[in-house]
Amino acid sequence: MSYVDGFVVPVPKKNLDAYRELATLARDVWKEYGALDYREWIADDVPMGEITSFPRSVQQKDDEIVIFSWIVYRSREHRDEVNAKVMADPRMKSSPETYPFDAKRMIYGGFAPFVE
């Protein structure tokens, strides 16, 4: 069985290059500490829903695009160990004010297997 952290992030289109740099660093650090997989995907066919949708979930603005990402671990315990190491790594020390996206509108959480 595995465990997954999932994220949905609104990124200003003008900040996509800066976001890619941050995501590339994050991928390298998470994988260095044992994450099994790390993926970031940019919205391509993600319509604005009338009631719910990925864009609505992060209050997407006209100049933004949605990024959907996940990190895979062996288990919840493995995830907790990896994340503790990642958060202690000086390469990951920055504040939400310096992120190339609005961290207050990011959606994230950990997910246990249901159907594999």
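Arginine 105 counts as buried in this predicted model, because its relative accessibility is 10%, under the 20% cut-off for that class. The residue is placed in the loop between H3 and strand E4, the latter covering residues 107-111. A polar atom of the arginine 105 side chain lies 3.0 Å from the backbone oxygen of valine 58. Valine 58 also appears among the contacts of arginine 105 beyond four places in sequence, together with Val8, Pro10, Gln59, Gln60, Lys61 and Glu64.

A second arginine, at position 79, belongs to helix H3, which runs over residues 76-88. Arginine 79 is buried, since its relative accessible area is 13%. Its side chain makes a polar contact of 3.0 Å with the side chain of aspartate 80. When neighbours within four places in sequence are set aside, arginine 79 touches Tyr3, Asp5, Tyr73 and Gly110.

Glutamate 21 provides an exposed example, with a relative accessible area of 60%. This glutamate is part of helix H1, residues 16-32. Between the C-alpha atoms of glutamate 21 and glutamate 64 the distance is 17 Å, and the two residues are 43 apart in sequence. Glutamate 64 is also one of the contacts of arginine 105.

The accessibility of the three residues is set out below.

| Residue | Relative accessible area | Class |
|---|---|---|
| Arginine 105 | 10% | buried |
| Arginine 79 | 13% | buried |
| Glutamate 21 | 60% | exposed |

These residues belong to a protein with three helices and four strands. Read from the N terminus, the order of elements is β-α-β-α-β-α-β. Of the contacts between residues at least 6 apart in sequence, 82% join residues at least 24 apart.

The overall dimensions may be considered next. The C-alpha trace spans about 40 × 35 × 20 Å along its principal axes. The radius of gyration is 15 Å, which agrees with the value near 13 Å expected for a compact globule of 116 residues. Buried residues account for 33% of the 116 residues.

The accessible surface of the protein is about 7800 Å², and carbon and sulfur atoms contribute 55% of this area. As for charge, there are 16 positive and 20 negative side chains, with the centres of the two sets 2 Å apart.

Key:
Residues numbered from 1 in each chain as written. Predicted model: local features only at pLDDT ≥ 70, side-chain atom pairs only at ≥ 80, totals over all residues. Heavy atoms only, no water. Helix = DSSP H or I, 4+ residues; strand = E, 2+ residues; numbered from the N terminus. Rg over C-alpha atoms; globule rule 2.2 N^0.38 Å. Buried < 20%, exposed > 50% of the residue type's maximum accessible area, 1.4 Å probe, protein only. Contact = heavy atoms within 4.5 Å. Areas by Shrake-Rupley, 256 points an atom, 1.4 Å probe, with all protein chains shown as cover. Lys, Arg positive; Asp, Glu negative; His and termini not counted. Charge placed at Lys NZ, Arg CZ, Asp CG, Glu CD. Polar contact = N/O pair within 3.5 Å; in protein donor to acceptor, adjacent residues only side chain to side chain.
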